Amino acid sequence: MKVCKFGGTSLASAEQMQKVANIVMSDAERKIVVVSAPGKRFKEDTKVTDLLIALGDKALANEDVTDALQRVVSRYEQIANDLNLSKDVVNIIKDDLLSRLATKEEGEQKFSDLIKASGEDNNAKLFSYYLQSLGVDANYVDPKEAGLFVSKDYGNAQVLPEAYDHLYELRNRKGILIFPGFFGYTPDGELVTFSRGGSDITGSIVASAVDAELYENFTDVDSVFVANPNVVEDPVEIEELTYREMRELSYAGFSVFHDEALIPAFKKGVPVCIKNTNNPTAKGTMIVNERNYLINPIIGIASESGFSTIYVRKYLMNREVGFGRHLLEIIEDEGLSYEHMPSGIDDTSIILKGDQLTPEMEERIVARIKEDLDVDDVHVEHDFAMVMIVGEGMKEMVGIAAKATEALANVGVNIYMINQGSSEVSIVFGIIDADADKAVQELYNNFFVETKDPVA
Ligand SMILES: Nc1ncnc2c1ncn2[C@@H]1O[C@H](COP(=O)(O)OP(=O)(O)O)[C@@H](O)[C@H]1O
Ligand SMILES: N[C@@H](CC(=O)OP(=O)(O)O)C(=O)O
């Protein structure tokens, strides 16, 4: 049995849905289909999830929602019309949105998740109607009834262990199951979404739960490339990489697959294949447990912008027992998560995603660090990027860091921080945001340009 997930770009229009239907029908093993909300049809287009977020915000601000609602409904309407489906389908979707909009008083976050999740829920219904219209025995699955239980972290749900046992039962259902991605339910029945891009997570959870032979993740590129194709022109394709490598790369900016989607598949050993809906015969990229990393020690280069650092300096910091704990306690009290904490003898930096900070929070943190820890200097800086080179083979190789720093020096990129994880799967360079693209391009030139052969 295979579980396949189709992303927003794969379901953005009637034409795309036809391709997806052909892919599903071409392999009898494709029994469970996880769908996203309709995505972008062209570069400047807006994803339905973003239209829904705008709709929810308008409703919460007590503004007129007529236009915002119509924008969402018309995306489904156009698909339904072009697929010659009955108008009833669109009416069902409109009624569903209206009933969700009527729950505004139940709490902002709860309401926002309920609105956002309608994108995948209604698309799953629409796609099952379409398959049925083609004579396929397709059945929409309600994640609540199927038992996809998650934690009550609005917009950032985590799957609960019991969900796997519930979802195993999907194996016994007949026909092709159409499962909406991106959300689950708390055990007491409240809808909560995963973080953005979370349909990949749903697919991985379901694939792991039903013990699938393969989890196919269909998107709009032929493979995962060694660098973001929006930054490097025509980059080398990756044929095979490990779960750990993919997790590092997704975390660091490879938006093609959600970083949290690796864990469920990894735990169960379900291989993941990234494939192209627009070119389904292309081989795609396999994500597996082991690869021969001596052939290609480095598998990819990623970069992510929007980091901030809290820099702290205190003479004899190294001698002060409990300094680090106190510092991190302040960060914890503010509800912040941090990504890296490189340290010297008398100073340390806490690197974190900048969008978590507000100016008031910054002021509070600086004041508290000054007061509670009696430091010589503390300040916050913004607009950093983390550039990461990733590869399981680097621990066996001498000179990888030298080759990387040489590349950055070649293009005049100043390195503010270097961090090599203990497992030696990646090296992270903290640089300023504005340098990120040229850093990736030159690292790519240094590590990959001699070869245009796919890497594995
Ligand atoms: N290293 C990479 N390899 C392939 N695609 C990448 C990479 N980094 C970023 N991307 C981007 O990820 C996009 C696919 O992800 P996404 O837009 O989330 O698709 P979907 O709608 O299928 O979920 C590609 O079109 C590409 O622009
Ligand atoms: N539609 C949701 C979830 C998702 O996974 O979408 P996509 O498969 O288009 O990345 C989002 O935009 O976040």
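Contact here means heavy atoms within 4.5 Å. The model is predicted.

**Exercise 1. Find which residues Glu120 contacts, leaving aside its neighbours within four places in sequence.**

Solution.
- Place the residue. Glu120 sits in helix H5, residues 108-133.
- Check its cover. Buried means under 20% relative accessible area. Glu120 has 3% relative accessibility, so it counts as buried.
- List the partners. Glu120 is in contact with Val35, Ser36, Ala37, Thr49, Pro180, Gly181, Phe182 and Ser199.

**Exercise 2. Decide whether Thr49 is buried or exposed, and find its contacts beyond four places in sequence.**

Solution.
- Thr49 belongs to helix H2, which covers residues 48-60.
- Its relative accessible area is 7%, so Thr49 is buried.
- Thr49 touches Ala37, Lys116, Glu120, Phe182 and Arg196.

**Exercise 3. Which residues does the UniProt annotation "binding site" cover, and why do they gather at one spot?**

Solution.
- The annotation comes from an unreviewed UniProt entry and covers Thr49 and Glu120.
- They span 72 residues in sequence, but no two of their C-alpha atoms are more than 8.4 Å apart, so they gather at one spot.
- Thr49 and Glu120 both appear among the residues surrounding ligand 2.

**Exercise 4. Describe the surroundings of ligand 2 and its polar contacts with Lys47, Arg196 and Gly198.**

Solution.
- Begin with the shell. Ligand 2 is surrounded by Lys5, Gly7, Gly8, Ser36, Lys47, Thr49, Glu120, Phe182, Arg196, Gly197, Gly198 and Ser199.
- Sort it by class: 1 nonpolar, 7 polar and 4 charged residues.
- Take the side chains. An N or O atom of the Lys47 side chain is 2.8 Å from an oxygen atom of ligand 2. For a polar side-chain atom of Arg196, the distance to a ligand 2 oxygen is 2.6 Å.
- Turn to the backbone. Gly198 places a backbone N or O atom 3.4 Å from an oxygen atom of ligand 2.
- Finish with burial. Ligand 2 alone exposes 340 Å², and the protein buries 90% of that.

**Exercise 5. Work through the same steps for ligand 1: nearest residues, shell classes and buried area.**

Solution.
- Of the 18 residues around ligand 1, the nearest are Thr9, Thr219, Asp220, Phe225 and Asn230.
- The shell holds 8 nonpolar, 8 polar and 2 charged residues.
- A polar backbone atom of Thr9 lies 3.0 Å from an oxygen atom of ligand 1. Thr219 brings a polar side-chain atom to 2.8 Å from a ligand 1 oxygen. In the side chain of Ser255, an N or O atom is 3.5 Å from an oxygen atom of ligand 1.
- Ligand 1 alone exposes 570 Å², of which the protein buries 84%.

Technical notes:
Residues numbered from 1 in each chain as written. Chains lettered and ligands numbered in written order. Predicted model: local features only at pLDDT ≥ 70, side-chain atom pairs only at ≥ 80, totals over all residues. Heavy atoms only, no water. Near = heavy atom within 4 Å. Polar contact = N/O pair within 3.5 Å; in protein donor to acceptor, adjacent residues only side chain to side chain. Areas by Shrake-Rupley, 256 points an atom, 1.4 Å probe, with all protein chains shown as cover. Nonpolar A, V, L, I, M, F, W, Y, C, P; charged D, E, K, R; others polar. UniProt positions renumbered as here; feature names shortened; annotations may be inferred. Helix = DSSP H or I, 4+ residues; strand = E, 2+ residues; numbered from the N terminus. Buried < 20%, exposed > 50% of the residue type's maximum accessible area, 1.4 Å probe, protein only.
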